[in-house]
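Visitor: I would like a close look at the open space in this model and at the parts around it. Please take me through it in one connected account.

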Amino acid sequence: MNDAIHLKYLAVSPEDLRWGIAVNSVGFQDVGPGEPYPPSDHPSRYLFSTERGRTLAEYQLLYITRGHGRFRSTHVPDGVLLRPGHLFLLFPGEWHTYRPDPSTGWKEFWIGFNGAMVEEWVKAGFFSREKPVLQVGLHSDIVNLYNDAIHTAAFQQSGFQQCLGGIVTHLMGLARMYQRQETFSEVRDKINQAKIIIGEEYRTIRPEEVAAQLFMGYSNFRRIFKEYTGFAPAQYIQEVRLNRIKELLTNTTLPIKEIADECGLENYDYFFTLFRRLTGMTPSDYRNNTQGK
């Protein structure tokens, strides 16, 4: 426990709150097998009985890098087993309890925060009380961010809260990304292959043909592709085509009709109407704006 770092309180000003994220605490602790939890030198603000649990007035994001344990909360009454590579998010006003298995102990990193940005992420459904535990795997970049936050908070130089807010944003982004990658680990290569096929054949390929090349049924391919990328396959093909059109309009002097042909839209009237609907301007206007004319 000698190398554990605990920061009891961090100053939060009204300006910090206006930034969108303000950090209240950050640190890590390494609990050996059989050692008490929480440790006796844990900050009094965060001491709690693992039998009775507690409720905080802030969010906390915790990361387990060694050992096993268990988490329970109001919305997860049956509990979830924790293991290395798990991140779990505590919600303000939500009863919870967690502890390491006495036979293994564990190493945990944590950062506590509040702010309007986090509330927006929760409201949008990116994080929920029903699924607070995220399997993200073990990643050095996550550990490095926690260590950066600990270092930043220790010195508390002017503007440190804004820097910590950026670290929280990065951590939450990585949590989202790695959790989705773990969820789609079995089909990730298929989706990436589909994106390569579309990138090479976007001029003429249809979504059903992409599924066929992957030896997948189309309805299953469409569902998985949309869940993974946020786009239906047809929408993704359209986005790839549109980005290529924009690139050619900006970086070349090719005639616009030739660009339409190059990108698989030989019907110029359809190309003109589609581009204007998707961008809010004509191809000529887009070219003039992006080329500074």
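Guide: What follows begins with the pocket and then moves to the cores, the strands and the loops. The model is predicted, and every value below is computed from it.

The largest pocket has a volume of about 270 Å³. Its lining is made up of Gly-125, Phe-126, Phe-127, Ser-128, Lys-131 and Leu-134, together with Arg-176, Gln-179, Arg-180, Thr-183 and Phe-184. By character, the residues of this lining divide into four nonpolar, four polar and three charged. Among the elements that contribute to the lining of the largest pocket, helix 4, which spans residues 160-183, gives the most, with four residues.

Helix 4 also leads from the pocket to the packing of the interior. The largest nonpolar core has 35 residues, and within this core Leu-61, Leu-87, Ile-111, Phe-113, Ile-142 and Tyr-146 touch the most other members. At least two residues of this core come from each of strand 1 (22-31), strand 2 (59-67), strand 5 (86-90), strand 7 (106-114), helix 2 (116-123), helix 3 (140-155) and helix 4. Helix 4 again gives the most, this time with nine residues. If residues up to four places away in sequence are not counted, Tyr-146 touches Val-26, Leu-61, Leu-62, Tyr-63, Leu-87, Phe-109, Trp-110, Ile-111 and Leu-171. A second, separate core has 32 residues, including Phe-184, Ile-191, Ile-197 and Leu-265; Phe-184 is also one of the residues that line the largest pocket.

Strand 3 deserves a separate look. In the general case, side chains in a regular strand alternate between the two faces of the sheet. In strand 3 (residues 69-73), Gly-69, Phe-71 and Ser-73 form the covered face, whereas Arg-70 and Arg-72 form the uncovered one. Strand 3 pairs with strand 4 (residues 76-82) in the antiparallel sense over four bridges, and with two residues between them these strands form a hairpin; in this pairing Gly-69 stands opposite Leu-82. Strand 3 also pairs with strand 6 (residues 96-100), again in the antiparallel sense, over five bridges, and here Arg-70 stands opposite Arg-99.

The loops hold some backbone features that a computational chemist may wish to inspect. Most residues other than glycine have a negative phi, and most peptide bonds are trans. Tyr-37 and Pro-38, however, are joined by a cis peptide bond, with omega at about -5 degrees, and Pro-38 lies in the loop between strand 1 and strand 2. Gln-156, which is not a glycine, has a positive phi of about 50 degrees; Gln-156 is found in the loop between helix 3 and helix 4 and is partly exposed, with a relative accessible area of 36%. Phe-215 has a positive phi as well, near 60 degrees, and lies in the loop between helix 6 (207-213) and helix 7 (218-229), where Phe-215 is exposed, with a relative accessible area of 77%.

Gly-32 returns us to the loop between strand 1 and strand 2. Gly-32 counts as buried because its relative accessible area is 15%, which falls under the 20% limit for that class. Along the chain Gly-32 and Ala-194 are 162 residues apart, and their C-alpha atoms are separated by 46 Å.

Definitions and conventions:
Residues are numbered from 1 along each chain as its sequence is written. This is a predicted model: local features need pLDDT of at least 70, side-chain atom pairs count only at pLDDT 80 or more; totals for chains, interfaces and linings use all residues. Side-chain values use heavy atoms; hydrogens and water are left out. On a 1 Å grid over the protein atoms alone, a cavity is a set of points where a 1.4 Å probe fits but cannot get out, and a pocket is an open set with protein on both sides within 12 Å along at least five of seven lines; lining residues have an atom within 4 Å of a point. Grid points are joined across faces, edges and corners, and a volume is the space filled by probe spheres set on the points. Ala, Val, Leu, Ile, Met, Phe, Trp, Tyr, Cys and Pro count as nonpolar, Asp, Glu, Lys and Arg as charged, and the others, Gly among them, as polar. Buried means under 20% relative accessible area, exposed over 50%, partly exposed in between (1.4 Å probe, protein chains only). Two strands pair if DSSP finds at least two bridges between them. A nonpolar core is a set of buried Ala, Val, Leu, Ile, Met, Phe, Trp, Tyr and Cys residues joined through side-chain atoms within 4.5 Å. Contact means heavy atoms within 4.5 Å.
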